[in-house]
Amino acid sequence: MDLNLRGKAVLVIGGGSGIGLASAAACTAEGASIMLADLDQERAELAAAELSETGGSAVAIAADATDEQSVAGAVHATVDQFGKLDVLIVSPGANPKQHQDWHFAVDIYLKGPFYACKYAVEEMLKTGGGSIITIGSIASVTGGRATSVGNSGYASAKHGVLGLTRTVALTYAAQNIRANTICPGYIKTGATRAMYETEDGGRKLIEETLRVPMGRWGEASEIGKVAAFLASDAASYITGQPIVVDGGFMAR
């Protein structure tokens, strides 16, 4: 399928690595122009250079997903660079140890997407619509196991981002703004490295403990391709949905 993102301006919050970068790569492969926003500007600039070397169009900017004005600046920089904002992909990430801090988890995984949606919607309304894609988790649609209520921030925020996204979808459907949440399962990223960089490559965890039906880890590129689809007109009648990409894990 030719998703035809040529002429589309895409902002990826958290675009320097992991699922954010994979989403950016999938969109550039379909012809989109990308603004990579990341807390680590050097990493984002390196990623933008790599995408550009493969024929894509990408630039980078520093942005802190937990800071409203920083996120607003990334949105405005995208419009300044490309003249508009067609697609927003929100994929902030953090060290899993930081998930133990309830307030931090909510700041980055819920407040960050809220800030991004708030300012992106303003720009999309000016140009007749757009697509917003938030990266949730299977924890968006089921409870997340925590050692105590005190470190339940990750699951709380991931539930919240689905609620936020559905609310945006309902509020702006008539203005041609679509909003969906991708809910990845166990994907190989920097955040999950400790789980799969084991002697058996994480096989026992996937096959025996979690019993993922497809029997393997997911790749960030597999999430990125879903993001590119949702960004495209091929997904023109899809909005307000949690798109679970988990190798069948939640099918039980």
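By buried I mean a relative accessible area under 20%, by exposed one over 50%, and by partly exposed anything in between. With that cut-off in hand, Lys-84, at a relative accessible area of 28%, is partly exposed, whereas Asp-86, at 11%, is buried. I start with these two residues because they form a salt bridge, the closest N and O atoms being 3.2 Å apart, and I will come back to Asp-86 from another direction. Please keep in mind throughout that what we have here is a predicted model.

Let me first step back to the whole chain. There are 8 helices and 9 strands in the chain, and its C-alpha atoms fill a box of roughly 50 × 35 × 35 Å along the principal axes. For 252 residues, a compact globule would have a radius of gyration near 18 Å, and the 17 Å of this chain agrees with that. Of these 252 residues, 48% count as buried. If we take the contacts between residues at least 6 apart in sequence, 72% of them join residues that are at least 24 apart.

Now to the sheet. It is an open sheet of 7 strands, paired in parallel, and the order across it reads E3-E2-E1-E4-E5-E6-E9. At the edges stand strand E3, residues 57-62, and strand E9, residues 242-245, and since each has a single partner strand, one side of each is left without a neighbour in the sheet. On average, and ignoring direction, neighbouring strands of this sheet are turned by 20° against each other.

Two of the helices can be placed against these strands. Helix H2, residues 41-53, lies across strand E2, which spans 33-38, and across E3, and H2 runs at about 175° to E3. H4, in turn, lies across strand E1 (9-13), E4, E5 and strand E6 (177-184), and its angle to E4 is about 180°.

Within the sheet, I would like to look at one pairing in detail. Strand E4, residues 87-90, and strand E5, residues 130-135, run parallel and are joined by 4 bridges. One of the residues involved is Val-87, whose bridge partner in E5 is Ser-131. What surrounds Ser-131, once its neighbours within four places in sequence are left aside? Ser-131 is in contact with Asp-86, Val-87, Leu-88, Met-124, Arg-178, Leu-230 and Ala-231, and here we meet Asp-86 again, the buried partner of Lys-84. Ser-131 itself is buried, with a relative accessible area of 2%.

Two of those contacts, Leu-230 and Ala-231, take us to helix H8, residues 220-231, where both are among the buried residues. The other buried residues of H8 are Ala-220, Ile-223, Gly-224, Val-226, Ala-227 and Ala-228. The helix has 12 residues and reaches 17 Å from its first C-alpha to its last, close to the 16 Å expected at 1.5 Å a residue.

A second buried site is Gly-153, in helix H5, residues 153-172. Its relative accessible area is 0%. Beyond its neighbours within four places in sequence, Gly-153 is in contact with Trp-102, Ala-105 and Val-106. The C-alpha atom of Gly-153 is also separated by 9.8 Å from that of Gln-98, a residue 55 positions away along the chain.

Finally, the salt bridges, of which a search of the whole structure finds 9. One of them joins Lys-118 and Glu-68, with the closest N and O atoms 2.7 Å apart. This pair links distant parts of the chain, since Lys-118 belongs to helix H4 (residues 102-127) and Glu-68 to helix H3 (residues 68-82), 50 residues apart. Lys-118, at 34% relative accessibility, counts as partly exposed, and Glu-68, at 23%, is partly exposed too.

The salt bridge between Glu-207 and Arg-203, with 3.1 Å between the closest N and O atoms, lies within one helix: both residues are in H7, residues 203-209, and stand 4 residues apart, about one turn of the helix. In general terms, an α-helix has 3.6 residues a turn, so residues three or four places apart point the same way. Glu-207 counts as partly exposed at 38% relative accessibility, and Arg-203 counts as partly exposed at 38%. Together with Glu-208, these two residues are linked in a network of salt bridges.

Conventions: Residues numbered from 1 in each chain as written. Predicted model: local features only at pLDDT ≥ 70, side-chain atom pairs only at ≥ 80, totals over all residues. Heavy atoms only, no water. Buried < 20%, exposed > 50% of the residue type's maximum accessible area, 1.4 Å probe, protein only. Contact = heavy atoms within 4.5 Å. Expected span 1.5 Å × (residues − 1). Salt bridge = Lys/Arg side-chain N within 4 Å of Asp/Glu carboxyl O. Pairing = 2+ DSSP bridges. Axes fitted to C-alpha atoms, helices over the stretch in contact; angles between N-to-C directions. Rg over C-alpha atoms; globule rule 2.2 N^0.38 Å.
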